[in-house]
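Biologist: Please take a close look at any enclosed cavities in this model and at what lines them. Some account of the surrounding architecture would also be welcome.

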Protein chains: 2
Amino acid sequence: MTASVVDLLREALGDRVDTTESALEAVRADKSGHAARGRALAVVHAERIEDVQAVLRIAHATGTPVVPRGAGTGLAGGANAGDGRIALSLARMNRILEIRPDDLLAVVEPGIVNADLNAELARHGLWWAPDPASRAISTVGGNIATGAGGLLCAKYGVVRDAVLGVDVVLADGELVRLGHRSVKGVTGLDLTSLMIGSEGTLGVVVGATLKLRRLVAGQARMLTASFADVRAAAAGAAAVTASGVQPAIMELMDAASLAAVHALLSLPAPTGRESLLTVQTDGPTAADDAAQIAQVLEDAAGRVRLAADEAEGEALLQMRRSLHPAMERLGTTLIEDVSVPRSALPAMFDEIVRIERDYGLTIPTVAHAGDGNLHPNFVFRGPEVPDVVWRAADDLFRSALRLGGTLTGEHGIGVLKRRWLRDELGARQWELQRDIKRVFDPTGILNPGVVFAD
Amino acid sequence: MTASVVDLLREALGDRVDTTESALEAVRADKSGHAARGRALAVVHAERIEDVQAVLRIAHATGTPVVPRGAGTGLAGGANAGDGRIALSLARMNRILEIRPDDLLAVVEPGIVNADLNAELARHGLWWAPDPASRAISTVGGNIATGAGGLLCAKYGVVRDAVLGVDVVLADGELVRLGHRSVKGVTGLDLTSLMIGSEGTLGVVVGATLKLRRLVAGQARMLTASFADVRAAAAGAAAVTASGVQPAIMELMDAASLAAVHALLSLPAPTGRESLLTVQTDGPTAADDAAQIAQVLEDAAGRVRLAADEAEGEALLQMRRSLHPAMERLGTTLIEDVSVPRSALPAMFDEIVRIERDYGLTIPTVAHAGDGNLHPNFVFRGPEVPDVVWRAADDLFRSALRLGGTLTGEHGIGVLKRRWLRDELGARQWELQRDIKRVFDPTGILNPGVVFAD
């Protein structure tokens, strides 16, 4: 059977079927540190929609599980392909099919890297707003599959707000086109939104019609504010939100993450429990907004530094961007992704401090403070997540839910968070979601075990 | 059987069950002019979630169809209750449960009128952006059920962009809470979006967590530009869109609609085929934006009039707001709702001119020109839509689809457009949607015949 599936794939797809050890090894893992058990049957490098359809037809006929995969930058194990799976890579389907400045839309293949798309769009004075921290390496299809967020979401929205339609190959290989090209459209149920964040469990996204924005005019402004501890920084962020001035970016780094970044960049160590807010304003009122925010943060006992120019602003933001490499130097990192209502940010940081104490861990944490999305980093040695980390993570999730938040703001459920899914959804909603999955995938070949446990 | 359903309702809900002739007559129709055949069994005026659950439990046990209803301002016949139905009115569930300026959210019951909510929000410096033309009389729950749009959508989004979560009573009476209170959240499938625009076919929305904006600061600016004909006005609108300056409102009235409004307001008749664009700009760059747009429109051969102050601006907008009363004076009106990519607006107006000629009709048309959503008005005498109007509407829908557009931008499918649903969705997507409907409503008691034909 195993041999025959690969034979069928080779017959249909020729050398786009890859069974080299390096390819099979590469698709086992994503950036979460988690790796699937065993080896996939093959990696198929799809180059066109018909390739995807051919794979699904074979998978459907043989009952073989398929794991769709973009750049493999996910953080929840949702694209990891192990024993018995076909890994279906969309990375080569990376063309921009259409850019329409007059309609503010682009039609793209799923494998295009977010930053590559935006480089091209910029030539037309346009951009696609979703900006996950991985945008230099993650694909638009992956951004859609996870419902990615990023730094700019409070002001410019998430992926769900920036997709007009998706073309999807269904479990049996049929192609459907969901959504529309117009700003408005309410014909039937909103299956486009249903597909966003579905993590490969409902179909394979082979094309997307994206809602664009015009590039924001004028010079962005950047400032940082350092605080005595993370509680004070979180309170500063809450004060900015309450002031009504809308930053484009507002990032918070706690003492442990700031210290790690300083070490990576060979900067002098921060003092005590120093924590940092990094704020960017943009648009026609960028300068005024930055001045107002600076005042709010000074009133909240922050030490404010306003960047004099773009270069200095970029240097300040570089600190935040260095967080992931800084974590990698400390060990294996499980990056969590809870999200809470903005006003609950200080309370959520209190919970993290408590969890650090209760479990004897250090949990360097950064937050998209403008939208209440926190990334606590559990750092450990070796390939296996220690049990104490899972117990602390469990406590973390339950704390977020208690505060009116969610398990995952932007990374998705994947395999790493599925055991908490029912806690957030409730039994009945979980059943509805699983039944919808069955409508799309009655035989269970689409990314089985992801989101919904086997 | 019929008697026993009403008996069961009365037993559970007492005098909230209304079987007066006037109530049964009122729920037969909405603002579309369409009325359901026969009479509902009863109208239930739900006052709390438990009432809705009681109705659904009885409906589930007895296999009785339920038609949820807000203010009855729909334009597609989606809330019309006839023979054998229970009309479930949410109008009395009209409380605001929570307003959180710090989290930019409000939690409301579904029956609150959009304008009433916004009046209260304004006291906190906040607003809920969806602004259907019916906002003075339509409910938030109805706005959600239809996925309503409005005038401000190109700049400020549609309902889908402004709802974080919904509480829904399912077909068997169980309550589920969908969505989240945080800006970000990707836990499982996006059932909140699935519920938006589902027109009562998946469940009954009994609560909503709304995403708010802060009131836009500063003075809005208003201008009109009159053109020799509708083609020229549409080209003017396209030029504004292409210029990159984003109006808050950009409404187009063709010659027939403008003439009807002038007659209603006792103004001198417009000359020839004169058509009008009405544009509002807002925010910190409102004055500059208005000046730029005025220049673009003059370059496009428009005669521009810039309002000197707020009162004059309001008077200009009043012209557009008088369209529906003006149509009502002409006869019974079937208001259509096609939406096309913005660049296709002039081509869509060409199609309407052709359809007028081919079918010997006058079709006064207004358009939300900033987002490509057109409302052609078919005016006729008497209660029944004449066959020629349906044939012309059929041509209209097919033209919109050919131009990359949709059947309905913001009114929904209801009963009036369901026969074209499959043309837009394709057979397979239509089946997927119907199967999802069955997941939520296996026995088919939720608004049967709406969206999906019996």
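Modeller: A cavity is here a set of points on a 1 Å grid, laid over the protein atoms alone, where a 1.4 Å probe fits but cannot get out. Its volume is the space filled by probe spheres set on the points, which are joined across faces, edges and corners. The model is predicted, so to speak of local features requires pLDDT of at least 70 and of side-chain atom pairs pLDDT 80 or more, while totals for chains, interfaces and linings use all residues. Residues are numbered from 1 along each chain, chains are lettered from A and ligands numbered from 1 as written, and side-chain values use heavy atoms without hydrogens or water.

Two cavities of 30 Å³ or more are found. The largest holds about 60 Å³ of space. It is lined by 14 residues (those with an atom within 4 Å of a point), and A:Leu151, A:Ala154, A:Ala248, A:Met250 and A:Gly370 are the closest to its centre. Helix 6 (153–156) and strand 13 (249–253) of chain A each give two or more residues to this lining; helices (H or I, at least four residues) and strands (E, at least two) are DSSP runs numbered from the N terminus. By character, the lining of the largest cavity comprises eight nonpolar, three polar and three charged residues. In this scheme Ala, Val, Leu, Ile, Met, Phe, Trp, Tyr, Cys and Pro are nonpolar, Asp, Glu, Lys and Arg are charged, and the others, including Gly, are polar.

The second largest cavity has a volume of about 50 Å³. Its lining includes B:Leu151, B:Cys153 and B:Ala154, the stretch B:Gln246, B:Pro247, B:Ala248, B:Ile249 and B:Met250, and also B:His368, B:Gly370 and B:Asp371. The elements that contribute two or more residues to it are helix 6 (153–156) and strand 13 (249–253) of chain B. Seven nonpolar residues, three polar ones and one charged residue make up the lining of the second largest cavity.

As for the surroundings, 75 residues of chain A contact 75 residues of chain B, contact being heavy atoms within 4.5 Å. The area buried between chain A and chain B is about 6100 Å², with 58% given by carbon and sulfur atoms; buried area is the accessible area (1.4 Å probe) that two parts lose on being put together, summed over both. On the side of chain A, A:Arg160, A:Lys184 and A:Leu189 lose the most area to chain B, together 14% of what that side buries.

Note on methods
On a 1 Å grid over the protein atoms alone, a cavity is a set of points where a 1.4 Å probe fits but cannot get out, and a pocket is an open set with protein on both sides within 12 Å along at least five of seven lines; lining residues have an atom within 4 Å of a point.
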